[in-house]
Amino acid sequence: MFNRFFDDLEVHRQSDQRTERMRLPSRIGEGAVHRLAPRGDLGVAMADFTLHQDRQVNFRTEAPMVELSYCLQGARIVLVSGEHFEAPAGSYMLQFAHPGEASLHFTRGQAIQALSVGMPVTAFHHFMEEAGGARPIDFHRVIGGKPFRMFHERIDPAASVLLTQLMQAAAQQGARNLETECRLLELLSLGFRTLLLDGTSASTKLSRTDRARIEQARDILLQRMTEPPSLLELARMVGLNDHKLKVSFKEVYGSTVFGYLREQRLTRAYRLLLEGAASVIDVSYAVGYSNPSYFAEAFRDKYGVNPGQFIRRM
């Protein structure tokens, strides 16, 4: 799939190496596509470009495949078998596709920054297999009789950290496949767990309306991370009673409301410390901890290291 994608953007491989950065011709646009293949059953494409004209990029999948795509900037619009699918910036998609034609649509002047990981069905089944040999998630059961199926969700802070680390590792000269592959597998694990394994988008029994309210509650928590509302206030804000909010939130996200908030605070703190632009005290305040000592204790419990030590190691 990626080879046809590159051809339609008029970027072509110059070598047989597992990693290659291919710039767009100046008449097409500005930027590049970075191709990675840290292992034989995974293909990675990192796109960072802007096109001079609206463009439809056509491609064909020659075999059934699974793709996990992250849209960091610019919307991703996919047309498959006459159906239109769209993922806005800040979201990601898990796609299942039978062999067939598809196309991506790009708008002139829109900055595109995205990362896609493609794999054959055999690799997907390997990842879904349990230790005892059982495989509760199967490609053919997920896609059914459709040519294409997609799940999508907003990119959360944990995925943002992994994406940053993966792109930094890919950009480094001499980065080992071990480093790239470890981050890539963590990203796949997080995406599969969220969309397929934790009873969220793929299998939740909530109505669409209630699901939207739970997602709204999650968004409010993230927007007001430093001064979150109480459970009763949050329930009123999204139009649910507090019991329904507690039960449904755990069904969707696998955690209590404030357990989820705690995890997101620490994940965001990890990212801020990784960027190295703020002190430990500033980060603790930025993610909602008024007591830096309590923040340090929570960070150590989650990551096994004090935030100050983490900064020094990085």
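This is a short dialogue on how to read a predicted model.

Biologist: I am new to this structure. What kind of model is this?

Modeller: The model is predicted. Let us start with the strands.

Biologist: How many bridges join strand β1 to β2?

Modeller: There are 5, and the two strands run antiparallel. β1 covers residues 19-23. One facing pair is R21 and H34, the latter in β2. The two strands form a hairpin, with 5 residues between them.

Biologist: What comes after β2 in this pattern?

Modeller: Another hairpin. It joins β2 to β3 through 2 residues. β3 spans residues 42-51. Over 9 bridges, β2 and β3 pair in the antiparallel sense. Two facing pairs help you find your place. L36 stands opposite V44 in β3. G31 has F49 of β3 as its bridge partner.

Biologist: Where do the side chains of a strand point?

Modeller: In a regular strand they alternate between the two faces of the sheet. Burial has to be read residue by residue, though.

Biologist: Is strand β2 largely enclosed or open?

Modeller: β2 is largely enclosed by the rest of the structure, because 9 of its 11 residues are buried. Its residues are 29-39. β3 is mostly covered too, with 8 of its 10 residues buried.

Biologist: Which strand pairs with β3 over 7 bridges?

Modeller: That is β10, in the antiparallel sense. V44 has V117 of β10 as its bridge partner. Recall that V44 also faces L36 of the β2 pairing.

Biologist: And which strands pair with β5?

Modeller: β8 and β10 do. The pairing of β5 with β10 is antiparallel and has 8 bridges. Here M65 stands opposite P120 in β10. With β8, β5 shares 7 bridges, again antiparallel. Here L68 stands opposite L94 in β8. β5 is mostly covered: 7 of its 9 residues are buried.

Biologist: Now the interior. What should I expect there?

Modeller: In soluble globular proteins, nonpolar side chains tend to be buried together. Here the largest nonpolar core has 35 residues. Those with the most contacts inside this core are Y70, L94, F96, L115 and F124. L94 is the residue that L68 faces across the strands.

Biologist: Which elements give two or more residues to this core?

Modeller: Both strands and helices do. The strands are β3, β5 (65-73), β8 (91-97) and β10 (112-120). The helices are α2 (121-128), α3 (139-143), α4 and α5. α5 gives the most, with 7 residues.

Biologist: How do I read burial for a single residue?

Modeller: Look at its relative accessible area. Under 20% is buried, and over 50% is exposed. C71 has 1%, so C71 counts as buried. C182 has 39%, which means that C182 is partly exposed. R141 reaches 56% and therefore counts as exposed. R141 lies in helix α3. A171 is exposed because its value is 59%. Find A171 in helix α4.

Biologist: How many disulfides does the structure hold?

Modeller: The count is 0.

Biologist: How does distance along the chain compare with distance in space?

Modeller: Take two pairs. A171 and R21 are 150 residues apart along the chain, and 9.5 Å separates their C-alpha atoms. R141 and S290 are 149 residues apart in sequence, with 48 Å from C-alpha to C-alpha. Check both pairs in the 3D view.

Biologist: Next, pockets. How is empty space found?

Modeller: Rolling a probe the size of a water molecule over the atoms shows where empty space is left. In this model, the largest pocket holds about 660 Å³ of space. Of the 29 residues that line the largest pocket, D156, A158, L190, R193 and Q264 are the closest to its centre.

Biologist: Which elements supply at least two residues of the lining of the largest pocket?

Modeller: One strand and five helices are named: β11 (148-154), α4 (157-171), α5 (177-197), α8 (242-253), α9 (257-275) and α11 (292-303). α5 gives the most to this lining, with 7 residues.

Biologist: I have met α5 before.

Modeller: Yes. α5 also gives the most to the largest nonpolar core.

Biologist: How do the lining residues divide into nonpolar, polar and charged?

Modeller: The lining of the largest pocket has 11 nonpolar, 8 polar and 10 charged residues.

Notes:
Residues are numbered from 1 along each chain as its sequence is written. This is a predicted model: local features need pLDDT of at least 70, side-chain atom pairs count only at pLDDT 80 or more; totals for chains, interfaces and linings use all residues. Side-chain values use heavy atoms; hydrogens and water are left out. On a 1 Å grid over the protein atoms alone, a cavity is a set of points where a 1.4 Å probe fits but cannot get out, and a pocket is an open set with protein on both sides within 12 Å along at least five of seven lines; lining residues have an atom within 4 Å of a point. Grid points are joined across faces, edges and corners, and a volume is the space filled by probe spheres set on the points. Helices (H or I, at least four residues) and strands (E, at least two) are DSSP runs, numbered from the N terminus. Ala, Val, Leu, Ile, Met, Phe, Trp, Tyr, Cys and Pro count as nonpolar, Asp, Glu, Lys and Arg as charged, and the others, Gly among them, as polar. A disulfide is a pair of cysteine sulfur atoms within 2.5 Å. Buried means under 20% relative accessible area, exposed over 50%, partly exposed in between (1.4 Å probe, protein chains only). Two strands pair if DSSP finds at least two bridges between them. A nonpolar core is a set of buried Ala, Val, Leu, Ile, Met, Phe, Trp, Tyr and Cys residues joined through side-chain atoms within 4.5 Å.
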